[in-house]
Amino acid sequence: MSAPNRRTLLKGLALAGGTAALEAAPAAAIERRSAPPAALGMLYDTTRCIGCKACVFACQQANDLEPERDAAGLHLAPADLSGRTKNVIKLVETDEGRRSFVKAQCMHCVDPACAAACMLAALQKDPTTGIVSWDAALCVGCRYCMMACPFNVPKFEFDQALPKVVKCELCRHRVGNATLDRVEGGLSQYPKGHGPACCEVCPREAVVYGRRDELLAEAHRRIAEAPAGTYFEDRVYGESEAGGTQVLYLSHLPFAEIGLPDYPDRPTRADAYGVQEAIYKGFIAPVALYGVLAAVMLRNRRRGAGEEERS
Ligand code: SF4
Ligand code: SF4
Ligand code: SF4
């Protein structure tokens with residue numbers, strides 16, 4: 001995370017004013033939003049995943065995240081999301097002894113709580129792709145996004161001098177000038193090397209990407225073609241849960257047992273109200289608080305630059 005300069009600070013505070021007005025709305029007034037028509041996403045299918053974790057290492061490589069190593073210097077597979085991993089494969093086992101691998105990363109919520117909780121708009125949802133991105137130039141490191149996320153996704157580089165918020169951004173940095181083309185199988189794809197790294201390396205198509213509407217069609221096709229009872233309740237997680245997500249799941253086990261809470265069809269943005277009420281109760285107004293935080297960081301940055309020039 002870098003300290004904001006004057007331009008980004010003013011931009012952030014201007015956005016903050018708008019966001020604060022939005023957050024002043026009562027929870028009952030929250031309307032359900034739809035994903036953008038061309039929203040991108042991923043579909044993960046537990047019945048296809050073999051737990052090879054190729055997607056985990058591809059994600060770390062694509063995002064320049066240094067993997068953890070053992071004493072011999074060999075890569076260690078991460079146990080959970082952290083400041084060093086945006087994507088993890090876990091092995092879960094139910095009380096009855098049924099097992100499943102499960103992938104975890106940002107869900108790219110249709111109406112994200114993290115973005116609603118961030119008063120400086122450092123987290124934003126792209127109006128075209130629906131990708132929820134993080135802007136280092138606007139972030140002041142308050143970590144309210146971490147408290148607001150209903151899927152416990154954003155992590156923080158606590159061990160870094162200039163820490164970043166770490167979460168999947170659907171590999172948007174790999175796209176460049178590439179364009180999406182519809183390919184066989186009905187999923188829009190970028191040329192190889194420009195799409196989400198985890199999807200490109202998966203040997204089983206356990207995780208695939210494309211437009212959200214295409215992924216929903218693919219998920220329902222798999223349900224229709226599979227023997228009865230293959231998929232839990234013949235449902236696609238994320239179609240409506242938490243107001244809808246752009247990362248969708250098919251599972252042979254109950255969703256709650258693989259770590260996907262049984263959220264109702266209600267925007268996760270609504271949950272940000274509770275976070276903000278708890279944080280701001282008895283404190284100064286949110287915009288003023290953010291202004292103070294950003295101004296202190298700007299001052300410290302200038303002091304640091306001055307000391308560097310003198311040395
Ligand atoms: S609320 Fe959490 S899961 Fe949803 S977009 Fe934000 S970080 Fe991702
Ligand atoms: S889309 Fe990219 S950042 Fe997100 S989990 Fe896959 S490889 Fe990691
Ligand atoms: S690469 Fe594919 S099969 Fe291997 S762990 Fe990841 S999602 Fe599962």
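Reader: Let's start with the open spaces: what volume does the largest pocket have?

Author: Keep in mind that this is a predicted model. In it, the largest pocket comes with a volume, and that figure is about 560 Å³.

Reader: Which residues lie nearest the centre of the largest pocket?

Author: The lining of this pocket runs to 31 residues. By class, those split into 14 nonpolar, seven polar and ten charged. Nearest the centre you'll find Asn63, Leu65, Lys86, Lys164 and Val166.

Reader: And which helix and which strand each supply at least two residues of that lining?

Author: Two elements fit that description, one of each kind. The strand is S7, residues 165–166. The helix, covering residues 54–62, is H2.

Reader: Let's stay with H2, then. Which of its residues are buried?

Author: Buried here means under 20% relative accessible area. The cover over the buried residues of H2 includes S2, strand S3 (99–104) and helix H5 (197–201). The residues tucked away are Cys55, Val56, Ala58, Cys59, Gln60 and Ala62.

Reader: What phi does Asp64 take just after H2?

Author: Most residues other than glycine have a negative phi. Asp64 isn't a glycine, yet its phi is positive. It sits in the loop between H2 and S2, and its phi there is about 55°.

Reader: Is Asp64 buried or exposed?

Author: The cut-off for exposed is over 50% relative accessible area. Asp64 has 72% relative accessibility, so it counts as exposed.

Reader: Thr85 is in that loop between H2 and strand S2 (88–93) too. Is Thr85 buried or exposed?

Author: Thr85 touches several residues beyond its neighbours within four places in sequence, among them Val56 and Gln60. Its relative accessibility is 1%. Because that is under the 20% cut-off, Thr85 counts as buried.

Reader: Which residue's backbone oxygen does the side chain of Thr85 reach?

Author: Look along the loop between H2 and S2, where Thr85 has its place. The Thr85 side chain comes to 2.7 Å from a backbone oxygen, and that oxygen belongs to Asn87.

Reader: Now Ser251. Where is it found, and is it buried or exposed?

Author: Ser251 is in the loop between strand S11 (247–250) and helix H7 (269–280). Its relative accessible area is 0%, so Ser251 is buried.

Reader: Which residues is Ser251 in contact with, leaving aside its neighbours within four places in sequence?

Author: One polar link is to a residue inside that window: the Ser251 side chain reaches the backbone oxygen of Leu253 at 2.6 Å. With the neighbours within four places set aside, the contacts of Ser251 are Thr46, Thr230, Tyr231, Phe232 and Ile258.

Reader: Glu233 has a positive phi as well. Is it buried or exposed?

Author: Glu233 has its place in the loop between helix H6 (212–225) and S11. Its phi is about 50°, although it is not a glycine. With a relative accessible area of 52%, Glu233 is exposed.

Reader: How far apart in space are Trp134 and Ala122?

Author: Trp134 is part of strand S5, residues 132–134, and at 8% relative accessibility it counts as buried. In sequence, twelve residues separate Trp134 from Ala122. In space, C-alpha to C-alpha, the two are 5.5 Å apart.

Reader: Which residues are closest to ligand 1?

Author: The ligand is surrounded by 14 residues. Their classes come to twelve nonpolar, one polar and one charged. The closest are Cys106, Met107, Cys109, Cys114 and Cys149.

Reader: What about enclosed spaces: how much space lies in the largest cavity?

Author: Searching the whole structure turns up four cavities of 30 Å³ or more. The largest cavity holds about 100 Å³.

Reader: Which residues are closest to the centre of that cavity?

Author: The largest cavity is lined by 15 residues. They divide into ten nonpolar, one polar and four charged. Closest to the centre are Cys49, Cys52, Cys55, Cys202 and Ala206.

Reader: Last one, on the whole chain: what percentage of its residues are buried?

Author: The secondary structure comes to eight helices and eleven strands. Among contacts with a separation of 6 or more, 64% are between residues 24 or more positions apart. Of the 311 residues in the protein chain, the buried share is 50%.

Notes. Residues are numbered from 1 along each chain as its sequence is written. Chains are lettered from A and ligands numbered from 1 in the order in which they are written. This is a predicted model: local features need pLDDT of at least 70, side-chain atom pairs count only at pLDDT 80 or more; totals for chains, interfaces and linings use all residues. Side-chain values use heavy atoms; hydrogens and water are left out. On a 1 Å grid over the protein atoms alone, a cavity is a set of points where a 1.4 Å probe fits but cannot get out, and a pocket is an open set with protein on both sides within 12 Å along at least five of seven lines; lining residues have an atom within 4 Å of a point. Grid points are joined across faces, edges and corners, and a volume is the space filled by probe spheres set on the points. Helices (H or I, at least four residues) and strands (E, at least two) are DSSP runs, numbered from the N terminus. Ala, Val, Leu, Ile, Met, Phe, Trp, Tyr, Cys and Pro count as nonpolar, Asp, Glu, Lys and Arg as charged, and the others, Gly among them, as polar. A residue is near a molecule or strand if one of its heavy atoms lies within 4 Å of it. Buried means under 20% relative accessible area, exposed over 50%, partly exposed in between (1.4 Å probe, protein chains only). A polar contact is a pair of N or O atoms within 3.5 Å; within protein, one must be able to donate a hydrogen and the other to accept it, and residues adjacent in sequence count only if both atoms are side-chain atoms. Contact means heavy atoms within 4.5 Å.
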